[in-house]
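Here are some short exercises to work through with the model open beside you. Try each task before reading its solution.

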Amino acid sequence: GASSRARELIERADLAIREGRPEEGVRLNAEALQLGPTRDEAAAALYNTACAYSRMRRFDQCREPLLKAVNEYGVKFSVVLRDSDLAALRESREFDELQGELQGGGGGGDAVVKLRAELQQPFLLARLVVLGGLNLGAVAGLFVIGSKLAGALGGAPGADPLPDTLRNLGVNVAAVAGLSLLVARDLRARGRAEQRVAREEELGRLQVELGPRRRVPLSRLRGQRRPVVVAGSDRYIRDALRAAEPFRAALDENGIVVVPLPLGGGPRRAAGASPSPAKGRGFGGPSAAEEEAA
């Protein structure tokens, strides 16, 4: 029947992909999906299609089948992170954008920015909650004291003495003003931290050439290397690399990668080239960053 035919096509597609014929695998999986496969078969066809596109480095086309496989058919995100067929996709800028849309992927870019900003200031949120609560209490106290002040000024029976009411009013006004300043200061600090992290995330999308056929976002070096981006004209970059040459062994020992980023100012050399290119990490050859839009 149609189901057995779909299963046969999916198995043939899987074999074609493993044997280095990803385009054939994509075609066979597309045929299988038109035959009304079971849920598990559809998941396999969609997921394997994404794997085939990853092998062909056609990362934009990985998006739709991988989203459906994970979000609609229950393929685990942990599988996406481990599968060697998706290794090229995981090193791409497209995966950074796709990850937040996949179930289990940890949320989008805004969520990452907020989380990293909170980790850099771990007690800021707790301080905001405490100060904000105290401020709301002081504001509520102002309304109570306001009614008492009206009674004292009007000579209402049983009203508190006017001097005591004015003193309490002054204390509450000072408390509201002081707490509001502290809350505003912490909100500004959180905003600055989020802006700083957002800039770092944007910089992390720069593509770094690690070899003839390997280009990954700068963020992939996080936790493994400490990149230092040298941005400027070709001459400035050459001078900076030449000045850093005596420290190459120390930089390499500490996992520091120097990444050239040409910004103009004369004829642009091939990425990472220098008058006397060295072979260590970040000095010429295999480590260069440039925006894909350039």
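**Exercise 1. Find what percentage of the residues count as buried, and how many helices and strands there are.**

Solution. Start with burial: in this predicted model, 36% of the 294 residues count as buried. Next, go through the secondary structure, which comes to 12 helices and five strands. Finally, look at the contacts with a separation of 6 or more: 68% of them are between residues 24 or more positions apart.

**Exercise 2. Describe how helix 3 and helix 4 cross, and name the residues that meet.**

Solution. Step one is to locate the pair: helix 3 covers residues 39-55 and helix 4 covers residues 63-72. Their axes come within 7 Å and cross at roughly 145°. The handedness of this crossing is left-handed.

Step two is to list the partners. Helix 3 brings Arg 39, Ala 43, Leu 46, Tyr 47, Thr 49 and Ala 50. Helix 4 answers with Pro 65, Leu 66, Lys 68, Ala 69 and Glu 72. Sorted by class, the contact of the two helices has seven nonpolar, one polar and three charged residues.

**Exercise 3. Work out which residues of helix 4 are buried and which helices they pack against.**

Solution. Begin with the list: Pro 65, Leu 66, Leu 67, Ala 69 and Val 70 are buried in helix 4. Then turn to what surrounds them: the buried residues of helix 4 pack against helix 3, helix 5, helix 6 (87-90) and helix 7. Last, follow the chain out of the helix: just after helix 4, Gly 74 takes a positive phi of about 80°.

**Exercise 4. Identify the residues that touch the most other members of the largest nonpolar core, then trace the contacts of Tyr 47.**

Solution. The largest nonpolar core has 24 residues. Those touching the most other members are Tyr 47, Leu 66, Val 80, Leu 86, Leu 89 and Leu 102. Now ask where the core comes from: helix 3, helix 4, helix 5 (77-82) and helix 7 (93-99) each give two or more residues to this core. Helix 3 supplies the largest share, seven residues.

For Tyr 47, set aside the neighbours within four places in sequence. What remains in contact with Tyr 47 is Leu 66, Ala 69, Val 75, Val 79, Val 80, Asp 83 and Leu 86. Two of these names, Leu 66 and Ala 69, also appear among the helix 4 residues that meet helix 3.

**Exercise 5. Compare the salt bridge of Arg 63 and Glu 101 with that of Arg 242 and Asp 239: which parts of the chain does each pair join?**

Solution. Recall the background: side chains of opposite charge can pair when their charged atoms come close. The structure holds 15 salt bridges.

In the pair of Arg 63 and Glu 101, the closest N and O atoms are 2.5 Å apart. Arg 63 sits in helix 4 and Glu 101 in the loop between helix 7 and helix 8 (109-120), so this pair ties together parts that are 38 residues apart in sequence. Both ends are partly exposed, Arg 63 with a relative accessible area of 35% and Glu 101 at 37%.

Arg 242 and Asp 239 meet at 3.0 Å, N to O. These two are three residues apart in helix 11 (residues 234-244), separated by about one helical turn. In general, an α-helix has 3.6 residues a turn, so residues three or four places apart point the same way. Arg 242 is partly exposed at 46%, and Asp 239 is partly exposed at 41%.

To finish, find two further examples: Glu 245 and Arg 248 meet in a salt bridge at 2.9 Å, N to O, while Glu 19, Arg 21 and Glu 24 are linked in a network of salt bridges.

**Exercise 6. Decide for Ser 84 and for Asn 135: buried or exposed?**

Solution. Ser 84 lies in the loop between helix 5 and helix 6. With a relative accessibility of 59%, Ser 84 counts as exposed, because the cut-off is over 50%. The C-alpha atoms of Ser 84 and Ser 54 are separated by 10.0 Å, and the two residues are 30 apart along the chain.

Asn 135 is found in helix 9 (residues 124-154). Its relative accessibility is 13%, and Asn 135 counts as buried because this falls under 20%. Beyond the neighbours within four places in sequence, Asn 135 is in contact with Val 176, Leu 179 and Ser 180.

Methods:
Residues numbered from 1 in each chain as written. Predicted model: local features only at pLDDT ≥ 70, side-chain atom pairs only at ≥ 80, totals over all residues. Heavy atoms only, no water. Axes fitted to C-alpha atoms, helices over the stretch in contact; angles between N-to-C directions. Left-handed = near helix turned anticlockwise from the far one by under 90°. Contact = heavy atoms within 4.5 Å. Nonpolar A, V, L, I, M, F, W, Y, C, P; charged D, E, K, R; others polar. Core = buried A, V, L, I, M, F, W, Y, C linked by side-chain atoms within 4.5 Å. Buried < 20%, exposed > 50% of the residue type's maximum accessible area, 1.4 Å probe, protein only. Salt bridge = Lys/Arg side-chain N within 4 Å of Asp/Glu carboxyl O.
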